Amino acid sequence: MTEPAYNIRHYAAFAATVRHGSVTRAARAVNLTQPALTQAIARLEAELGCALFERGSGGMTPTEPARLLAPRAEAAIAQIGSPRVTGTQVRAFLALARSGSYAGAAEATGLSAASLHRAVADLAVALGQRLVDKRGRSILLTPQGERRARGFGLAMAELRSGLAEVAAWQGKAAGRIVVGAMPLSRARWLPETILRFHAAHPGVGIAVVEGSHAELAGPLRDGEIDLMLGALREAGLLEDLRQEPVFEDRPQLVMRAGHPLLGEAQPMGQRLADFPWVLPARDTPLRQYWEAMMRSAGAEPPPVEIECGSVLTVRQLLLGSDALTLLSPAQLAVELEAGVLATLPTPAPVLRRIGITTREDWRPTAPQAAFVDLLRAVAGGGFA
């Protein structure tokens, strides 16, 4: 996602005016002249198409859209952390951090590599920190750069949310929800929720980013996605994230139609160990559940020679071999209904918690909150 170049000073001037209720005190707080601050607010009002203050002898009284936007602006400024940072620098640095190279950042933003180099260099000077190390044609963020990239990403998420709330107050259909979808959520839960939500909120954009927990947790923390759906992790490993269990999933043994095991009443651990397995990586909950299942059934888990988290790929591997996997039937509903794949109950119970993961300090907009409520409702209704 390419960020626009928000004018950070305009938002700082606006937030200070809301906080102090006076142009004089606000100008002093953000180190601007009164005319400059007044002009900054006027430009922001022109961009938004609404008045942010009622001017009177008693000072500057914030309007309703100002009260919606001010907490978001304050949070964004706090995340940026320096009054010397400009919107152009934020945009350039985020593009560089997300693409990993100046060439990739130039392609994402449409800016020249020279402009990006200059903006990132100016940002490093403004912050007094070394932000990137060059490695051939790519770059690596320094620890300071990683912290700044996360803060900038969260700041942009706050501003996007604030602007969406102002637009909603104006009666405009606006806003966007970016959902990180792990494999199980893509089968029925998320599609059904999107269909219902879109019918009720046709003007709100929805973007789905697919990936594993490891691939999505970073963008969630950085503000690139709003919420993540799928199998929950141990709470102690995610101190900065909030997990909400929504429903329980019971994976089953899945194999091709005609598999030798289908003729056996209740295959146990050693028999299961005789066949090859296709499973996700070792650090995933499903792999851990499988290992516990095998031991409960009386056998040590055999080596997994094919590790794969893609349901499409797993399906093809099962169809062409005697391999086994452990999956929710919902993820292969079409193949099971067509009779080309089959399931057996697990020899020991396998139960995994599926739910919603967000940042601890996430404050959803009204459409985002409505989407989360609908996720709960759809899950509670059994995806009917």
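## Pockets, sheet and ring pairs in a predicted model

About 390 Å³ of space lies in the second largest pocket of this predicted model, a volume being the space filled by probe spheres set on grid points that are joined across faces, edges and corners. The 27 residues that line this second largest pocket include Ala157, Glu158, Arg160, Ser161 and Asp226 as the closest to its centre. A pocket here is an open set of points on a 1 Å grid over the protein atoms alone, where a 1.4 Å probe fits, with protein on both sides within 12 Å along at least five of seven lines, and lining residues have an atom within 4 Å of a point. Two or more residues of the lining of the second largest pocket come from each of helix H4 (64-80), helix H8 (143-169) and strand S5 (176-181), and H8 gives the largest share, 6 residues.

The largest pocket has a volume of about 520 Å³ and is lined by 31 residues, with Pro183, Ser212, Pro280, Thr284 and Gly309 nearest its centre. Among the elements that each supply at least two residues of the lining of the largest pocket are helix H10 (213-221), strand S7 (227-231), helix H12 (285-296) and strand S12 (325-327). The table divides both linings by residue class, with Ala, Val, Leu, Ile, Met, Phe, Trp, Tyr, Cys and Pro counted as nonpolar, Asp, Glu, Lys and Arg as charged, and the others, Gly among them, as polar.

| Pocket | Nonpolar | Polar | Charged |
|---|---|---|---|
| Largest pocket | 16 residues | 9 residues | 6 residues |
| Second largest pocket | 10 residues | 7 residues | 10 residues |

Residues are numbered from 1 along each chain as its sequence is written. Local features of this predicted model need pLDDT of at least 70 and side-chain atom pairs count only at pLDDT 80 or more, while totals for chains, interfaces and linings use all residues, and side-chain values use heavy atoms, with hydrogens and water left out.

The secondary structure of the protein chain comes to 15 helices and 14 strands, where helices (H or I, at least four residues) and strands (E, at least two) are DSSP runs numbered from the N terminus. The C-alpha atoms fill a box of roughly 85 × 50 × 35 Å, taken along the principal axes.

An open sheet of 5 strands, with mixed pairing, follows the order S6-S5-S7-S14-S8; strands pair if DSSP finds at least two bridges between them. Strand S6 (205-210) and strand S8 (241-249) are the edge strands, each pairing on one side only. Within this sheet, S5 and S7 run parallel and are joined by 3 bridges, and Gly180 has Met228 in S7 as its bridge partner.

Strand S9 (residues 252-256) takes part in two antiparallel pairings: with S12 over 3 bridges, and with strand S13 (residues 341-344) over 4 bridges. Leu253 is the bridge partner of Leu326 in S12, whereas Met255 has Ala342 in S13 as its partner.

The aromatic pairs number 6, counting rings of Phe, Tyr and Trp (its six-membered ring) whose centres lie within 6.5 Å, with planes under 30 degrees apart called stacked, over 60 edge-to-face and the rest tilted. The rings of Tyr6 and Tyr11 form an edge-to-face pair, because their centres are 6.2 Å apart and their planes stand at 90 degrees. Tyr6 counts as buried at 13% relative accessibility, and Tyr11 is buried with a relative accessible area of 4%, since buried means under 20% relative accessible area, exposed over 50% and partly exposed in between (1.4 Å probe, protein chains only). Buried residues make up 47% of the 384 residues in the protein chain.
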